[in-house]
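Please work through the exercises below with the sequence and the coordinates open beside you, and try each task before reading its solution.

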Amino acid sequence: MPSSSEQNRHRHSSHPLRKRFDAWYQQQMYLPAGHPRKLAASTALSFLDRFSTGVVLYEDPDIIVINKPAGLPSHGSDYGVSELVQVARASSDIHVVHRLDRDTTGVLMLGKSREARGAMASQFDRTQGEKTAVKTYLALARGEWDPVLRGFIGPLEVGGKLVRVVDPTEDAERREVRIQANGKRLEEKMSSTGIHVVAHLRDNNGQMWSLLAIDLYTGRTHQIRVTADYLGGSLMGDPQYGPDATDPVSGQMLHAYSLTINMPQTGERKTFKASLPKDFQRILRGLKRVRTFGSPYEEVLV
């Protein structure tokens, strides 16, 4: 008997969106082994195959909430999350409500219509009223962070000349954002980040690491990664801010662990949680717990 993923693939195999994806995928398979676009195509196919049973956290007529894997942009490129969910649900009306970086994993919400996206987007944007969405991330940062630390407020900007970093998967350029040393003239780019130290951990080489729970009160580009680097503890595996060749992973250890929103139809307050990816779990298991601080997020250390 075919698996549920095979049944779902067969159900939409004749849809134009699926045919377009299949043609794109086959083109990428002609590329050399290890080519970024070929790897991206494999990640995209895995996402579709696992969509109903391993990706979707919640779905109703208005929204879909997923556990985003690493290696996929939220939208754009050839096939980002928006485009892949459109293929999976055979609907071009589906788009992300907010964004996660390509290698950031975790809770991501999509709206199934323009009306649904508009209603949900207002919960993420202070300019449209009271910001009611609460996003909490888990991050593994270098060093022994002060448990008294509760957050950081400061301006972010592209520092000095625009630093360009080529993304070979998109064949495009992206910005490297840096903390602004003198932030008097860019108040509109002020950032606010809540930081709570969950645990101090030590690896086999004696290097100290801190597991952090982070709440974003603003939504700036690379906000968590830039702030962590500025405070002296870049994220493990971050290839752009404070990279270290000795890190055991490639891709930042940053996971959108939970999202709390008001449901669009009922107004009910609801929280969605996404389990840590296997790489993050493996890294945590390999670190010795030195000290914890009574955080509810210690549950991920079990």
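The exercises that follow concern a predicted model, and each task is followed by a worked solution.

**Exercise 1. Determine how the end-to-end distance of helix H3 compares with its expected span, and where its buried residues lie around the axis.**

Solution. Helix H3 covers residues 36-49, which is 14 residues, and at 1.5 Å a residue it should span 20 Å; the end C-alpha atoms are 20 Å apart, so the two values agree. Next, the buried residues of H3 are Arg37, Ala40, Ala41, Ala44, Leu45, Phe47 and Leu48. Because these residues cover an arc of only 155° around the axis, they lie on the same side of H3.

**Exercise 2. Identify the residues with the most contacts inside the largest nonpolar core, and list what Phe21 touches.**

Solution. The largest nonpolar core has 39 residues, and those with the most contacts inside it are Phe21, Phe47, Ile66 and Val81. Leaving aside residues up to four places away in sequence, Phe21 touches Ala44, Leu45, Leu48, Tyr79, Leu84 and Val87. A second, separate core of 20 residues includes Val249, Phe280, Val300 and Leu301.

**Exercise 3. Classify Ala90 as buried, partly exposed or exposed, and locate it.**

Solution. Ala90 sits in the loop between helix H5 (81-89) and strand E3 (95-96). Its relative accessible area is 22%, and since buried means under 20% and exposed over 50%, Ala90 is partly exposed. The C-alpha atoms of Ala90 and Ser14 are separated by 9.9 Å, although the two residues are 76 residues apart along the chain.

Methods. Residues numbered from 1 in each chain as written. Predicted model: local features only at pLDDT ≥ 70, side-chain atom pairs only at ≥ 80, totals over all residues. Heavy atoms only, no water. Core = buried A, V, L, I, M, F, W, Y, C linked by side-chain atoms within 4.5 Å. Buried < 20%, exposed > 50% of the residue type's maximum accessible area, 1.4 Å probe, protein only. Contact = heavy atoms within 4.5 Å. Helix = DSSP H or I, 4+ residues; strand = E, 2+ residues; numbered from the N terminus. Expected span 1.5 Å × (residues − 1). Arc of directions from axis to C-beta.
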